[in-house]
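Biologist: Before we talk, could you put the sequence and the structure up for us to read together?

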Amino acid sequence: PPALFASRIFNVAMGVTFLTGIGMFGAIIFLPLFIQAVIGASATSSGAVLTPMMFSVVLGSAVSGQIISRTGHYRFLGVTGVILMTLGLYLFSRMGEGTSYGTVVRNMVVMGIGLGATFPTYIISAQNAFPHRMLGIVTSSVQFFRMTGGTFGAAIMGSLLATRMATHMARAVAQAIESGALAPETAAAMSDSAVSSRGMEALNGFSSGGGMLGVPEAVMVPVRTALAVSLHEVFLLAMAVAAVAAVVAVFMREIPLRKSNTEPE
C-alpha cells in the first residue's frame, strides 16, 4: 500500500535492505568464481567456501536478535551491521592472486556477521512502526526489496565483470606476449577457443601441461590476472553501494518496541 511510504522508518528500512541486497548477492555470486578461477580451487571447494559466511550470517542474526529483544534498541545494531558489511566488501576488494584461503574465510566472517545483523534489525524496525494487522504486508515488503536489490546487483555487477574482464584480459595477454610468457600463436588460439572446439584443441597443442579445466598454464596466468583485477572492481562497486546503505541507515528513527499486539484505542 502507498500509505507505507509515509513512514520514515519504513523508507529507511526498505532503502537499506535494497542496497544491502545488492552487496549480498554480489558477494555470494562472485566469491566462488574468485576461489575457483583466481586461487585455483576445485568447483566443489569453491562452492563449499561459502559455508563459513553462511554460519556467520546465522550467528550475526541470532546475536543481534537477542540484543534487540533484551535492550529494546535496534538503531545502533542496524548501523553497525551495515558498516561491518561494508568493511567485509572492502576486504574482498583487497584480495588478489596471492590471497590465501584463510584470508578469504576471515573476510567472509566479517561480511557475514555484518550482513546477519541487518536481517532482524530492519524487519523488526519496520514491523514495529505499523499496527499488528499490517505485519504480513510489512514483512513481505522487506523481503521483496531485498530480493529486488539482489536482482539488480547480480545484473549490474555481472555486466561490470564482463566489460572489465575484456579490457583487462587484452592488457594481460599483451603483457604476457611482451614478456615472452605467452606465444602470439597461443594468444590467437585463445580468441578462437571462445567460438570453436578447434581453437581449444590448438591451445592444448601448444603446451604439454594442462592447467585449470585442461587449459595450459601459460594461458591461465593472464586469465587469472584479468579476473582478479576485474573482481577487485566488482567488489569495490559493492562496497560503495554498502557505504551508501550505511549513510541511509544513520537516518533510521528509533521508537520504543511494542510489548503487546493489542492496538491502542
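Modeller: What follows is a short set of questions and answers.

Modeller: This is a predicted model, in which local features need pLDDT of at least 70 and side-chain atom pairs count only at pLDDT 80 or more, while totals for chains, interfaces and linings use all residues. Residues are numbered from 1 along each chain as its sequence is written, and side-chain values use heavy atoms, with hydrogens and water left out.

Biologist: How many helices and strands are there in the chain?

Modeller: Helices (H or I, at least four residues) and strands (E, at least two) are DSSP runs, numbered from the N terminus, and the chain has nine helices and zero strands.

Biologist: Why is Ile-156 called partly exposed?

Modeller: Buried means under 20% relative accessible area, exposed over 50%, and partly exposed in between, with a 1.4 Å probe and protein chains only. Ile-156 has 44% relative accessibility, so Ile-156 counts as partly exposed. Ile-156 lies in helix α6, residues 135–179, and its C-alpha atom is separated by 9.1 Å from that of Gly-26, 130 residues apart along the chain.

Biologist: How do you know that the span of helix α4 agrees with what is expected?

Modeller: The expected span of a helix is 1.5 Å times one less than its number of residues. The 19 residues of helix α4 (residues 75–93) should therefore span 27 Å, and the end C-alpha atoms are 28 Å apart, which agrees.

Biologist: Which residues of α4 are buried?

Modeller: Among them are Leu-77, Val-79, Met-85 and Phe-92, and in the whole chain buried residues make up 43% of the 265 residues.
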